[in-house]
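Visitor: I would like a close look at one part of this structure. Please take me to a place where two domains meet, and then show me what lies around it.

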Amino acid sequence: MARVLSLFRPQPFLALVSRRKPTLCKMSMDSRARKVFAAAVEAVQPDTVVRQSIERTEDSVIINGHKFTLKHNLYLVGFGKAVLGMAAEAERIVGDHLVKGVISVPHGIQQILQQHGKDHLLLKENSRIRVMEGAKHNLPDVDAQKAAEAIKQLASELTEKDLLLVLISGGGSALLPAPIPPISLQEKHDVTRKLAGAGATIQELNTVRRALSFLKGGGLAHYAHPAQVVSLILSDVIGDPVDLIASGPTVWSEVWPEEVLSILERYKLLNSLPASVKDVLGRPRPRWRENKGESNTSGHVLNAVIGSNSIALKCASRRARELGFRPLVLAPGVCGDVRSVSRLYGLLARFACSQEEPPPEIAAELLKLGPEVGVESWDLCRTMQVLGEGRTEGWGSTCLLAGGEPTVELTGNGRGGRNQELALRVGLELRGLKLPPNGPVFLSGGTDGQDGPTEAAGAITDWGVYEEAQAKGLDIDNFLANNDSYTFFTRLSAGQRLLVPGLTCTNVMDVHMLLIPPIPQ
């Protein structure tokens with residue numbers, strides 16, 4: 001293993017992690033973990049990311065290096081769970097040139113924000129932006145469809161002198177349903193639901209959604225042509241692919257009926273298609289050539305990802321250093337089954353906590369496991385290299401950070417979510433290692449503040465969960481089999497291991513954190 005790691009010794013990276021010893025912090029590992037998580041969430045607040053992405057200079061704005069002139073020619077549309085706060089900040093910055101706007105946001109969100117004292121994320125009473133609530137339970141509904149029609153109408157009226165600011169965040173797909181007639185909203189929902197149930201990939205689902213929708217797959221940008229379109233995107237998808245976030249309404253991606261029919265045939269759904277869907281897919285020409293004559297609008301569109309898991313991890317790293325840790329980011333796209341992901345973190349903890357050179361079997365298993373959980377071999381080798389140097393050179397405490405969105409196989413009907421289950425499984429993987437403060441601590445939390453149908457965003461764990469569960473007569477295997485991690489953690493330590501940040505107003509997937517204490521020399 002030493003030979004493998006010796007290939008990965010780039011001096012610029014070592015300069016980044018620095019050889020200065022972090023400052024000593026007397027706070028508990030648990031408390032510091034919570035503060036690092038809070039910093040990650042704070043970094044991707046909807047108003048914060050918009051404020052940092054729009055540079056206002058007199059009658060112009062600079063966004064992502066591009067300058068746009070403002071002449072009372074600004075229009076605004078948006079859709080997504082975090083869009084209300086994004087719109088409020090955008091209006092504060094450029095509202096003097098805003099003509100009008102329409103945003104589609106979750107049902108009840110304005111009342112919820114008021115109840116939680118988040119007035120800074122609400123529009124002012126004299127706002128020129130119309131707020132339309134819909135998509136109750138995160139499902140497309142008639143209210144969301146009306147909002148989509150209003151957004152389409154606004155975009156269709158724009159001219160080459162206008163600038164359309166589009167705000168997009170997670171949940172935007174359900175809040176922008178615009179099925180092509182004669183397809184009904186219910187028919188479109190049934191088709192995509194059957195596809196998902198048959199095991200279709202997210203790429204296949206979005207291909208079908210785009211083919212059945214006016215606005216997805218670049219449709220919104222098409223209707224806004226010839227106006228300049230600028231999209232500010234808060235990403236909740238691994239890798240930040242702008243064509244997948246909210247199904248890419250401002251990203252050109254022509255869909256041909258033959259491609260969609262091939263997907264539906266693959267999952268044996270052709271025979272059960274509604275007549276309306278067959279009608280739309282039977283039309284011979286690409287849809288964008290039917291109306292405005294301009295088939296490709298990409299030259300008039302700027303898509304900028306302004307908030308993501310990577311940004312959250314960067315700010316979490318900064319906070320970790322302030323709290324006495326040496327930060328180290330593994331990857332922002334950890335995925336796959338929680339069983340495999342928990343094994344990954346368990347192996348990394350054993351590798352990092354080993355007083356001697358770790359057995360080569362640990363490194364070999366990590367490299368074999370990497371592709372299964374979305375982590376490149378390079379990132380694993382780099383991480384093991386730094387952890388190994390930290391052990392031999394006595395660096396002190398390390399905060400290993402990662403992000404992503406693992407999956408859970410549902411085998412029971414308990415309460416919990418992927419973050420709480422991951423934390424519980426990692427606790428078991430830490431078997432035999434020391435307890436804090438001399439042993440590792442693991443945190444997994446959803447940046448949206450809600451992990452499954454619970455009030456918790458995740459949980460914090462260590463090897464002590466097993467010992468306490470044994471003492472209380474709690475069978476961990478039974479709780480895991482029933483997907484009941486929330487109930488388990490509420491009965492353990494009086495619920496104090498749960499991570500409950502409350503309303504976060506954002507979502508850039510999950511944050512994983514492995515705190516590793518200094519290794520005795």
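**Where domain 1 meets domain 2**

Guide: Start with what is missing. Across the interface of domain 1 and domain 2, zero residue pairs are in polar contact, counting pairs with both residues at pLDDT 80 or more. The side of domain 1 that touches domain 2 is made of eight nonpolar, four polar and two charged residues. Salt bridges are missing here too: the rule finds zero across this interface. Keep in mind that this is a predicted model.

Now the area. About 1,100 Å² is buried between domain 1 and domain 2, and carbon and sulfur atoms give 67% of that.

Step back to the whole chain. It is divided into three parts: domain 1 (29-43 + 310-516), domain 2 (46-178 + 213-254 + 292-307) and domain 3 (179-212 + 255-291). The centres of domain 1 and domain 2, taken over C-alpha atoms, are separated by 34 Å. To the contact, domain 1 brings 14 residues and domain 2 brings 16 residues.

Salt bridges do occur in this model. The structure holds 20 of them. One joins the side chains of Glu89 and Arg51, at 3.4 Å from N to O. Glu89 is in helix α5 (residues 83-94) and Arg51 is in helix α4 (residues 46-53), so this pair ties together parts 38 residues apart in sequence.

Next, a loop. Glu58 sits between β1 (54-57) and β2 (60-63). Its phi is positive, about 50°, although Glu58 is not a glycine.

Turn to the sheet. Six strands form an open sheet with mixed pairing, in the order β10-β11-β15-β12-β13-β14. β10 (326-329) and β14 (498-499) stand at the edges with a single partner strand each, so each has one side without a neighbour in the sheet. The partner of β14 is β13 (residues 458-461), and the two pair in the antiparallel sense over two bridges. Look at Gly458: it stands opposite Leu499 in β14.

Finish with two proline pairs. Pro436 and Pro437 are joined by a cis peptide bond, with omega about 10°. Pro437 lies in the loop between α17 (418-429) and β12 (441-446). The peptide bond from Pro181 to Pro182 is also cis, with omega near 10°. Find Pro182 in the loop between β7 (163-168) and α8 (185-197).

Methods
Residues numbered from 1 in each chain as written. Predicted model: local features only at pLDDT ≥ 70, side-chain atom pairs only at ≥ 80, totals over all residues. Heavy atoms only, no water. Domains from an automatic or database assignment. Contact = heavy atoms within 4.5 Å. Buried area = accessible area lost by both parts, 1.4 Å probe. Salt bridge = Lys/Arg side-chain N within 4 Å of Asp/Glu carboxyl O. Polar contact = N/O pair within 3.5 Å; in protein donor to acceptor, adjacent residues only side chain to side chain. Nonpolar A, V, L, I, M, F, W, Y, C, P; charged D, E, K, R; others polar. Pairing = 2+ DSSP bridges. Helix = DSSP H or I, 4+ residues; strand = E, 2+ residues; numbered from the N terminus.
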